[in-house]
Amino acid sequence: MSKVDHVKASRSFIKDEPHIQFHDKRLWQIRSLRDQQAHGIPEWEQLRELASRIKEHTLSNLADYLEEFERKAIANGVVVHWAANAAEHNRIVHQLLSERGVDTLVKSKSMLTEECEMRPYLEARGIAVIETDLGERIQQLDDEMPSHIVIPAVHKLAKDVAEVFADTIGTDRSNDDPHYLAEGMRQDTRPYFLKSTAAGMTGCNFAVAETGSVVVCTNEGNADLSANVPSLHIASIGIEKLIPRLEHLPVFIRMLSRSAIGSPITQYTSHFSAPKDGGELHYVLVDNGRSERLAMDDFWYSLKCIRCGACMNTCPVYRRSGGLSYGGVYAGPIGAIINPTFDLKKYSALPFASTLNGSCSNVCPVKINIHEQIYKWRQIVVEQGQVSFIKKEAMKLAGKVLGDPKRYRQLSEGAKTIGGLPRAFLYNPFNAWGKQRELPAAPKQTFHEWYAQNRNKDDQPEGKA
Amino acid sequence: MTNRDAILAAVRQKQPASCALPKVPLFDTDLPPTRAAFIAALGKMGGVWLEGAGLADDFDSVIRNRFPSAKNICSAVPEAEGTCRIESIDDPRQLDGVDIGVVRAGFAVAETGSVWLSEVQYSVNALGYLPQHLVVLLDPADIVPNLHHAYQRREFFTARYAVLMTGPSATADIEGVLIRGAQGIRSLTVLELPRSSND
């Protein structure tokens, strides 16, 4: 696999002004809605602390909770499967479908099935996979990865969707009214739910050990359709999704949608515990690198993630580079710390796609120390020699300058003249920092010069009088 | 070793030292009256609140007045007859042509404006999703203050399937434009109606 070059990959997104403007504004708007919701709950910070500790407790006792979850599920009549990796997950799902003559899989959004690359696997074996979340369906029909874990097509404008749908489901190319497009998708999708040879699949937001239940949160009700109309329902579950008991669930449900899109709850919070009359319910518990991550002292906290996307919405780098530029299943700050656990070499650029401002950690509902983990990954990437020549040389130079007061002073005094350079020199395609922003005017003197001048007016420095 | 045993062994070996499990409070001091809070929250999530109906009313007319062009109404409640009874449905796919589904909520949550429904209320779960619109009867005495109280309810421990439904099916996946009626119901109407004494 080739290395993801985040800077290069974001270039095509950045060069399109209307797209990046919309993307940036839309995600910041969601971040603001999240703030309103968070500030509306006096116990918000207490909930974050509880959520973090419940997750840490569960992850540190995960084997027992997995056994309890399995035991309860089996007692409820659920068939439980275990998959060590993506290949096993896909094989298990395919076998369940092919044994029952299923040719169509209607499914709700699942980052885990993206991670397993299940869609191409099943499609190569003659099973049509229909994503039933609008955003995810847009991305499927456009043959792209989701660019955001909650809003998969947030990087697209309505006119892009009109093009995709015109090419694939036959809507009118000239009509880019979102209502028309959403209705077109609804009409196109409905018959798949009703096919007698269809099965349904959902992901899993939370798995409750006490009751053996899988909890799925959607706004479109598409998980409820996928699970309740066909007789077979398969739920793919990452083993880190466990929580101990039902009484712990409200802590997460109260924060998930508030953090994700700024609404108090998703329109549908659905709990599956046992098969419906005459139906089958199968759980596939998937490890796929999670137990390995559990052993990483600095990084196991990332397994607390509840996939709300708040860290993406708040991240200035994500908002201005687009999710696709991260080249992995998980984009944004959380992607920068999860993707390297799968393949450090491939994703070595991602920990550098951050300003380390810490906003991601501050909005995280389960208090993952995302920016600290990003910093730690940088150290590992550097130790393992995965840094590009230019970045290495630039860092060496920065190290020399910042470590030597004389050099630093020369350079900062010289910086005053930068503002006097011709515009074309500063705001050109080679200077990424010159895009969409103006250089602030440099002060007439550096702080060092000011201090030298003003200090002379006092007889003694403070503290020595 | 089976997959299961190998995964469990790996997890057991690699999980960090055990951290304590905190106690979760109910966070229920100084909460507003449940009925008013529910109505406000439901409205914000796009649900419609209908009040003023009494047990003596003809609910089929109440529903028809709200949806004058509806042809097929499938009812799972004794208070409304509809054009077909849920008991006559033996395959969920039959609900596709239904305009209006009618069901009674097991309970509701004031904090979020959610109604709780399970296979006990639905009989056929797809009743909440395949029809174009849903009417949910709710006894105001069945509203709990917040989600912490909701997850203490016994029904949660016995239901095979349960949903907290909060407004109609919705999406804002295209340019952030809010659309009601994504894949499921286009509208959710909550009709205030106490349970009859023999319910």
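Here are three short exercises on a predicted model.

**Exercise 1. Confidence**

State what the mean pLDDT of chain B is, and give the ipTM and pTM of the model.

*Solution.* Start with the chain. Chain B has a mean pLDDT of 95. In chain B, 98% of the residues reach 70 or more. Then take the model scores. The ipTM is 0.97 and the pTM is 0.91.

**Exercise 2. The sheet of chain A**

Trace the open sheet of chain A: find the strand order, the edges and the helix α5 that packs on the sheet.

*Solution.* Step one is the order. Six strands of chain A line up as β1-β10-β7-β4-β2-β3, with parallel pairing. Step two is the edges. β1 (79-83) and β3 (128-131) of chain A each pair on one side only. From one strand to the next, the twist averages 25°. Step three is the helix. α5 (residues 86-99) of chain A touches β1, β2 (104-107), β4 (198-202), β7 and β10 of chain A. Its direction makes about 165° with that of β10(A).

Now look at one pair of strands. β7 (residues 232-238) and β10 (residues 280-286) of chain A run parallel, joined by seven bridges. Opposite L232(A) stands E280(A) in β10(A).

**Exercise 3. Two packed helices**

Describe how helices α9 and α10 of chain A pack.

*Solution.* Two values describe such a pair: the angle between the axes and the distance between them. For α9 (residues 158-168) and α10 (residues 178-194) of chain A, the angle is about 35° and the axes lie 10 Å apart. The crossing is left-handed. Next, list the contact residues. α9(A) supplies A158(A), V161(A), A162(A) and F165(A). α10(A) supplies P178(A), L181(A) and G184(A). Finally, sort by class: six are nonpolar, one is polar and none is charged.

Technical notes
Residues numbered from 1 in each chain as written. Chains lettered and ligands numbered in written order. Predicted model: local features only at pLDDT ≥ 70, side-chain atom pairs only at ≥ 80, totals over all residues. pLDDT = per-residue confidence, 0-100. Pairing = 2+ DSSP bridges. Helix = DSSP H or I, 4+ residues; strand = E, 2+ residues; numbered from the N terminus. Axes fitted to C-alpha atoms, helices over the stretch in contact; angles between N-to-C directions. Contact = placed C-beta atoms within 7 Å. Left-handed = near helix turned anticlockwise from the far one by under 90°. Nonpolar A, V, L, I, M, F, W, Y, C, P; charged D, E, K, R; others polar.
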